[in-house]
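Biologist: Got a minute to go through this one with me? Put it up and let's talk.

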Amino acid sequence: MLKYFFKRLLVMIPMMLAISLLVFGALELTPGDPLTAQFPPDQLVGMSQEDLDALREAVGLNDPMLVRYFRWLIAFFTGDMGYSIQTGTPISQVISYLLPQTVILAAAALLISTIFGLIFGIIAATKHNTIWDYLASVIGVIGISMPEFFIGIVAILIFAINLGWLPAQGRGSADATFIQNLRYLILPASSLGLSLAAALTRYTRNSMMDVMNQDYVKTARAKGLSESRVFFKHVFRNALMPISVLIFLRLPMLIGGSVVIEQVFGYAGIGNRLLTAINSSDYQLVLTIILMLSFVALLASLLIDLVTALLDPRVRL
Amino acid sequence: MATEYILEINNLKTQFVVRRRRVVRAVDGVTFKVRRGKILGLVGESGCGKSVTAHSIMRLLPKTAVIPEGSILFHPEGGESVDMAKLNPTGRKIRSIRGNEISMIFQDPMASLNPVYNIGDQIIEVLREHSKITKKEALERAVRMLELLSIPKASERIKDYPHQFSGGMKQRVMIAMGLICRPQLLIADEPTTALDVTIQAQIIELIKEMQSEFGFSTIIITHNMGIVADMADDVAVMYMGKIVEFGTKEDVFLNPLHPYTQALLKSVPILGNAGEDKLIPIRGVTPDPSEMPPGCAFEPRCDFATEACKTCVPGRVGVTDSHIVRCVHCIGEKLDD
Amino acid sequence: MSENKKKIVKSSLAKENFYKLLHNRLAVLGFMLMFVILMACILAPLLTPHSPTDLNLRHMGKPPGGEHPFGTDKLGRDVFARVLYGGRISIAIGLSGALGGMILGVIIGSFCGYYGGWLDAIFVKIAELVSVFPQLLLVMVMRVILGEGIKNLIIIFVFTGWIATFRLVRGRFFSLREESFVEACRAFGIRSSSIVFRHILPNCLGPVIVQLTLNTAGFILQEAALSFIGMGVPSGTPTWGNTINAAKELLNITNYPWLWVAPGLAIAFFVLGVNFFGDGLRDVLDPKQQ
């Protein structure tokens with residue numbers, strides 16, 4: 001198992017490098033003076049052109065691209081990510097403050113959608129060919145057909161504005177506890193997770209039906225096991241494997257979707273900051289956030305990958 | 001009450017309700033008996049209902065299946081007789097029989113083992129379901145059973161997963177799983193069909209060995225006449241949901257009376273039996289179950305068919321005490337269905 | 001003559017599939033939804049006299065009714081016209097992105113699947129990389145590099161959309177090239193290109209077409225999401241996403257619901273139609289994979 005973990009980790013490194021290279025390339029192509037991204041603005045104010053040129057030479061901005069790439073990469077991993085041109089704050093500070101909020105949002109959405117997707121999928125599979133099954137699949141298709149921001153808007157209209165149960169905007173107050181601010185998480189996380197929940201319902205149902213027809217389920221019954229034992233030990237466990245693969249595949253969409261959902265709910269996360277940075281052409285910040293988010297996606301997929309391996313002995317070897 | 005028979009099936013009917021309330025009569029009045037400690041071979045072409053018969057005994061049928069008629073009387077040694085056809089297919093009673101008193105092994109060992117559990121887990125699962133036994137003891141018994149079935153290095157391999165075994169080895173594991181609770185009846189549903197020819201012989205030998213070691217009764221389901229000739233004591237020949245000929249091995253092989261049995265024997269080579277004769281395939285195809293001929297189901301393919309065959313379904317005729325045939329041309333005592 | 005016979009066999013299979021599809025109520029419903037919305041978009045000039053971009057300062061923020069069945073937005077543009085004309089662009093973007101992705105995926109997939117080797121290994125890695133990279137972020141990187149515009153959006157969709165098709169085709173090729181009929185073709189000395197195009201590729205078409213519908217639906221949703229956050233089609237062009245953009249302000253959600261309900265439902269119904277239809281197609285063309 002440990003061996004498998006390290007093997008997966010090793011596979012990830014070239015991917016991370018490839019993504020970082022892409023981002024660095026993009027950074028090279030964007031307009032703007034790289035100096036302004038490397039120093040706080042007040043330090044550069046009042047410097048003469050010669051001073052600036054000297055500084056440029058001193059920090060190696062005239063070095064070959066590959067050298068600059070590795071220097072940039074090392075700086076990135078040591079937390080020296082440069083400065084936002086727009087506000088002058090260190091980017092590492094922006095990220096460490098806002099990234100956790102987005103991760104919490106995505107994780108909450110993942111949790112909600114997995115729980116509901118599994119429950120509805122199991123109901124549809126066990127009651128298969130009944131009205132419940134039919135209903136679950138129709139609602140499932142409807143769920144994946146709605147844009148998530150539209151769901152978010154409707155949710156705000158119903159649950160926040162008309163019913164007044166939950167807050168429509170924001171992330172709660174900074175001095176309240178996490179539990180107190182949980183109210184602010186419910187609507188955005190549910191809207192973000194709805195399409196995944198719908199996809200999971202369909203997928204769980206089909207996966208369960210598939211497994212139920214397998215010979216080894218018949219073997220389990222032939223052993224004299226009770227239906228519930230057959231179901232949980234033999235059917236559900238095996239049905240989970242393809243489901244975890246689906247989650248793995250949908251995870252990047254969840255992280256991308258969080259950017260949109262943050263907009264709808266005015267949720268102070270990294271996605272929101274990303275959009276303001278794009279609109280103000282703060283490219284250093286934009287690309288650093290993008291790099292960071294893709295690393296998060298990669299790490300999350302590694303995690304799901306490990307779960308899959310835990311579930312399936314054939315993958316482990 | 002220990003009778004001579006361990007299992008008596010009387011006029012068993014198993015039907016599947018398919019789309020639009022159409023009914024497929026997969027098993028349509030099957031009657032046969034399994035002698036205690038003996039091997040019964042149930043033969044027939046694919047689709048004749050032999051597998052459904054076996055699944056009916058275990059009540060492992062899909063939800064669309066019903067048993068509207070007939071009885072399956074199981075007479076366990078030192079226990080009360082039960083009519084398996086009347087039990088609730090998911091109830092406590094049938095579960096205490098499955099895997100414990102009657103075991104079943106299936107056609108495809110590759111698909112019959114759960115890929116995510118190691119084989120030790122899967123074997124002791126049966127044991128622990130039916131008896132109070134610690135995990136350690138159960139594992140020890142599982143290892144002994146695997147050794148008995150000549151799986152090399154059984155104590156190490158018990159922690160391996162199904163995908164680490166070859167097909168033949170998997171079938172041995174399935175047999176171990178079936179026999180670990182010392183059942184009184186083993187139902188082997190085409191146990192060698194999915195295996196290589198060389199492995200087939202090994203598995204057949206193994207089942208025979210185990211049978212003489214433990215003395216359980218066996219129903220072996222196959223389309224291979226050679227296997228029946230090799231191991232069975234009694235033979236039931238099935239065609240389109242009915243047993244067309246039943247008797248001891250000698251009855252059926254040396255004096256086949258039903259034209260279908262005769263044709264079946266002529267169509268396949270059997271080692272040491274009629275070696276020089278030319279093989280003759282059975283003409284025609286099996287009829288569609290939804291468009292069964294009104295008379296004898298074999299009539300359209302039969303060389304001896306007469307007008308009588310076309311109109312009425314032949315009843316069971318006892319030619320001798322042990323030999324029963326469903327053919328209008330056979331003379332003997334008329335039996336009930 | 002044999003050519004003739006083949007045609008008959010083919011057409012009867014197609015006929016049978018067509019009838020199967022007709023019997024799938026959801027698929028028929030999906031097709032109707034899709035068709036009605038598509039036709040309404042295409043025939044937009046016949047259905048509304050208004051232009052989707054003309055400002056009308058005397059009719060700003062009018063609720064639905066009368067001359068403007070879906071009302072007008074805050075700049076006085078007719079929402080009905082914006083939904084119809086916007087649909088044209090949104091559907092065109094989704095469909096062309098999916099089609100481009102399909103063509104790319106089929107080409108790369110059949111190459112890799114038939115020849116295997118290092119080329120295959122490289123593309124598998126690229127596919128893996130693109131699929132773990134959140135698509136939305138990729139769009140942003142591309143936007144930073146290429147700037148905004150419909151063409152760039154389609155390029156991005158093609159670039160991310162080939163992967164599912166590629167995997168599908170490659171997988172089919174891997175299993176089919178071991179099949180005896182392909183071996184037989186090789187043994188008869190039939191050219192590789194002929195084996196690929198006449199014998200293997202037709203066997204992949206069903207799932208590929210199903211994937212096309214899925215991708216079209218997915219890209220329409222993405223265009224909407226991207227335009228909604230201002231990262232998609234330039235805001236001057238009417239698309240479903242750009243029209244719904246008004247709902248970004250909380251006040252508009254309650255005060256001007258017609259601004260976002262109509263385009264939101266248009267997206268949802270169209271995508272729903274495509275998905276129902278795609279599901280029906282899958283049942284018919286690819287019964288194994290549910």
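What follows is a chat about a chain contact, a helix pair and a nonpolar core.

Modeller: Heads-up, this is a predicted model: local features need pLDDT of at least 70, side-chain atom pairs count only at pLDDT 80 or more, and totals for chains, interfaces and linings use all residues. Residues are numbered from 1 along each chain as its sequence is written, with chains lettered from A and ligands numbered from 1 in the order in which they are written.

Biologist: How many residues does the contact take from chain B and from chain A?

Modeller: 23 from chain B and 19 from chain A, where contact means C-beta atoms, placed from the backbone, within 7 Å.

Biologist: Which helix of chain B gives the most to the side that touches chain A?

Modeller: Helix 4 of chain B, with 4 residues. Helices here are DSSP runs (H or I, at least four residues), numbered from the N terminus.

Biologist: Switching to chain C: at what angle do helix 6 and helix 7 pack?

Modeller: About 135 degrees, with the axes of helix 6 and helix 7 of chain C 10 Å apart. Axes are lines fitted to C-alpha atoms over the stretch in contact, and angles run from 0 to 180 degrees between N-to-C directions.

Biologist: Which residues of helix 6 of chain C meet helix 7 of chain C?

Modeller: Among them are C:Leu138 and C:Met142, and the helix 7 residues they face include C:Ile156.

Biologist: And what is B:Val237 in contact with, beyond its neighbours within four places in sequence?

Modeller: Its partners include B:Val43, B:Ile243, B:Tyr260 and B:Leu264.

Definitions and conventions:
Two residues are in contact if their C-beta atoms, placed from the backbone, lie within 7 Å. Helices (H or I, at least four residues) and strands (E, at least two) are DSSP runs, numbered from the N terminus.
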